[in-house]
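The following exercises are to be worked through with the structure in view. Each one sets a task and is followed by a solution in steps.

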Amino acid sequence: MAAPMTTATRLQVAPELIASAARRVMGRCEELARVTSTPGSITRVYLSPEHARVNRLAAEWMRELGMTTRQDAAGNQVGRLAPRGVPDAPALLMGSHLDTVPDAGRFDGIVGVLMALEVVRLLRRVDAEGSASSPFPFALEVIAFSDEEGTRFGKALLGSSAVAGQWDDTWWELTDADGSTLREAFREFGLDPGRVGEAARRPDELVGYLEAHIEQGPELHRSGQALAAVSSIASARRFQLVVEGEARHAGGTPYDMRRDALLGASEAALAVERICRGEHHIVGTVGQLEAFPGAVNVVPGEAHFSLDLRGEFDDSRDHAWEELSLELDAIMGRRGLRWNAREVHSAPAVFCAPLLQDVVRAGIGGEAPTLFSRAGHDAMSIGAITDVGMLFLRNPDGISHHPDEAVAGADVAAGIRALAEAVLHLGAEPR
Ligand code: GLV
Ligand code: MN
Ligand code: MN
């Protein structure tokens with residue numbers, strides 16, 4: 001259990017300070033939104049000039065708080081404030097990511113980095129000479145992860161995977177839409193691929209990781225609550241599927257002779273919805289679908305589609321995939337088609353540590369709700385090296401990965417207070 005509420009675990013600051021912290025977060029979200037490779041919309045990808053620019057801004061904001069700063073070997077921007085006289089103290093890491101999907105909103109990831117900076121501002125100790133330090137036995141670190149979305153190279157969580165020491169050398173040959181490899185992009189950005197291992201953190205250097213993030217779904221909006229603690233992050237599996245039939249003349253081929261691959265894929269997409277709706281906390285999405293040869297007057301002979309399957313628990317997600325595989329056999333058998341699937345991503349569900357869930361709930365106060373996250377987060381990778389906890393902020397209408405993504409300034413203020421009090425609770429834990 002988290003330490004009970006005492007003066008040591010309540011944030012003793014004037015409400016105006018928190019309101020002005022929230023205003024600064026909202027203003028900086030606007031400032032970062034202007035750093036884009038697509039004027040008129042927001043797109044900021046890994047190892048781009050925009051990535052370098054937001055890292056420079058984040059570093060300035062970190063130094064303004066007295067933090068020492070560095071860009072790590074995978075392009076993550078890190079700021080650190082140690083306790084006075086203990087430069088090597090293990091750190092509480094807080095943050096999220098600054099990269100975006102194409103045509104993104106302003107808040108996904110970004111708000112979590114900026115809120116972490118405000119928590120440092122509220123909690124740090126400043127002595128008579130103006131020098132800042134962590135008031136806890138642990139250092140406070142803020143991290144702005146460089147790639148969570150995987151927009152450029154199709155592989156998500158590159159920044160946090162490097163920090164978790166889980167970089168995979170097969171990734172170097174991944175290419176972007178222009179054919180540049182990840183290795184080339186590293187060099188162009190000024191990073192040395194041979195040194196990516198130096199971004200890895202050891203478990204004994206960390207006391208935990210806390211991430212604030214917009215919910216990216218409607219639960220808090222529907223329940224009329226501003227904040228929630230997160231219990232776990234959904235497990236995910238992604239597949240690329242191919243359906244093979246026979247291309248034939250669109251006019252001359254009667255229905256009893258058709259083996260239309262697109263119709264098989266379409267029926268499969270409907271089966272994904274039917275099966276996932278019937279399972280507890282599973283969602284399945286067919287986000288890409290392509291027919292070949294792709295001519296108006298040819299019955300499609302081949303169809304390719306993607307499948308993204310997410311679930312609160314690995315076993316119900318896997319059960320949905322097994323049921324879907326049997327259904328695909330039946331659909332394709334009836335239509336005289338063949339099908340195969342290549343798994344391109346698999347990540348188990350990651351559970352937030354009970355203590356960090358407790359401190360987040362204590363920080364929120366009252367009957368704090370607990371939700372599981374259907375979306376992926378940097379905390380998924382960092383869970384491999386330290387305890388993780390997450391705070392969700394209400395996302396009006398639950399819209400995200402879209403320019404209309406929103407969060408209310410009042411909810412950001414409540415979130416800053418809750419995150420700061422969560423850190424105070426952690427600081428009051430016996431260790
Ligand atoms: C990242 O936002 C994901 O959940 O795909
Ligand atoms: Mn996202
Ligand atoms: Mn995110």
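**Exercise 1.** Determine which atoms of ligand 1 and of Arg310 approach each other, and describe the surroundings of the ligand.

*Solution.* The model is a predicted one, and the distances below are computed from it.

Step 1. Begin with Arg310: an N or O atom of its side chain is 2.8 Å from an oxygen atom of ligand 1. The side chain of His401 likewise places an N or O atom 3.2 Å from an oxygen atom of the ligand. At Gly376 the backbone takes part, with an N or O atom lying 2.7 Å from an oxygen atom of ligand 1.

Step 2. Consider how far the ligand is covered. Ligand 1 taken alone exposes 200 Å², of which the protein buries 85%.

Step 3. List the shell. Around ligand 1 stand Glu148, Glu149, Arg238, Arg310, Ala375, Gly376 and His401. By character, four of these residues are charged, two are polar and one is nonpolar.

**Exercise 2.** Identify the residues that coordinate the manganese ion (ligand 2), and state where Asp108 and Glu149 lie.

*Solution.*

Step 1. The coordinating atoms come from Asp108 (OD), from Glu149 (OE) twice, and from His401 (NE2), at 2.1 to 2.7 Å. Along the chain, these donors show the spacing D-x40-E-x251-H.

Step 2. Locate two of the donors. Asp108 lies in the loop between strand 3 (91–97) and helix 3 (110–123), and Glu149 in the loop between strand 6 (139–145) and helix 4 (158–163); the pair therefore ties together parts that are 41 residues apart in sequence.

Step 3. Check their accessibility: Asp108 and Glu149 are both buried.

Step 4. Return to the ligand. His401, a donor to this ion, also belongs to the residues around ligand 1, as does Glu149.

**Exercise 3.** Which residues are the protein donors of the manganese ion (ligand 3), and which residue coordinates both this ion and the manganese ion (ligand 2)?

*Solution.*

Step 1. The protein donors of the manganese ion (ligand 3) are His97 (NE2), Asp108 (OD) and His213 (NE2), at 2.1 to 2.3 Å from the ion. Their spacing along the chain is H-x10-D-x104-H.

Step 2. Compare the two donor lists: Asp108 bridges the ions, which are 3.6 Å apart.

Step 3. Place His213 in the fold. His213 is in strand 7 (residues 206–214), while Asp108 is in the loop between strand 3 and helix 3, so this pair ties together parts that are 105 residues apart in sequence. Both Asp108 and His213 are buried.

**Exercise 4.** Decide whether Arg201 and Gly294 are buried or exposed.

*Solution.*

Step 1. Arg201 is found in the loop between helix 5 (182–189) and strand 7. Its relative accessibility is 11%, so Arg201 counts as buried, the cut-off being under 20%. Its side chain makes a polar contact of 3.0 Å with that of Glu141.

Step 2. Gly294 sits in the loop between strand 12 (289–292) and strand 13 (298–299). Its relative accessibility is 59%, and Gly294 therefore counts as exposed. The C-alpha atoms of Gly294 and Val350 are 40 Å apart in space, although the two residues are 56 apart in sequence.

**Exercise 5.** Describe the protein as a whole, and compare its radius of gyration with that of a compact globule.

*Solution.*

Step 1. The secondary structure comprises eleven helices and 18 strands.

Step 2. For 431 residues, a compact globule would have a radius of gyration near 22 Å; the protein has 24 Å, which agrees. The C-alpha trace spans about 90 × 50 × 40 Å along its principal axes.

Step 3. Of the 431 residues, 54% are buried.

Notes. Residues numbered from 1 in each chain as written. Chains lettered and ligands numbered in written order. Predicted model: local features only at pLDDT ≥ 70, side-chain atom pairs only at ≥ 80, totals over all residues. Heavy atoms only, no water. Donors = N, O, S within 2.8 Å, 3.2 Å for Na, K, Ca; no water. Helix = DSSP H or I, 4+ residues; strand = E, 2+ residues; numbered from the N terminus. Buried < 20%, exposed > 50% of the residue type's maximum accessible area, 1.4 Å probe, protein only. Near = heavy atom within 4 Å. Polar contact = N/O pair within 3.5 Å; in protein donor to acceptor, adjacent residues only side chain to side chain. Areas by Shrake-Rupley, 256 points an atom, 1.4 Å probe, with all protein chains shown as cover. Nonpolar A, V, L, I, M, F, W, Y, C, P; charged D, E, K, R; others polar. Rg over C-alpha atoms; globule rule 2.2 N^0.38 Å.
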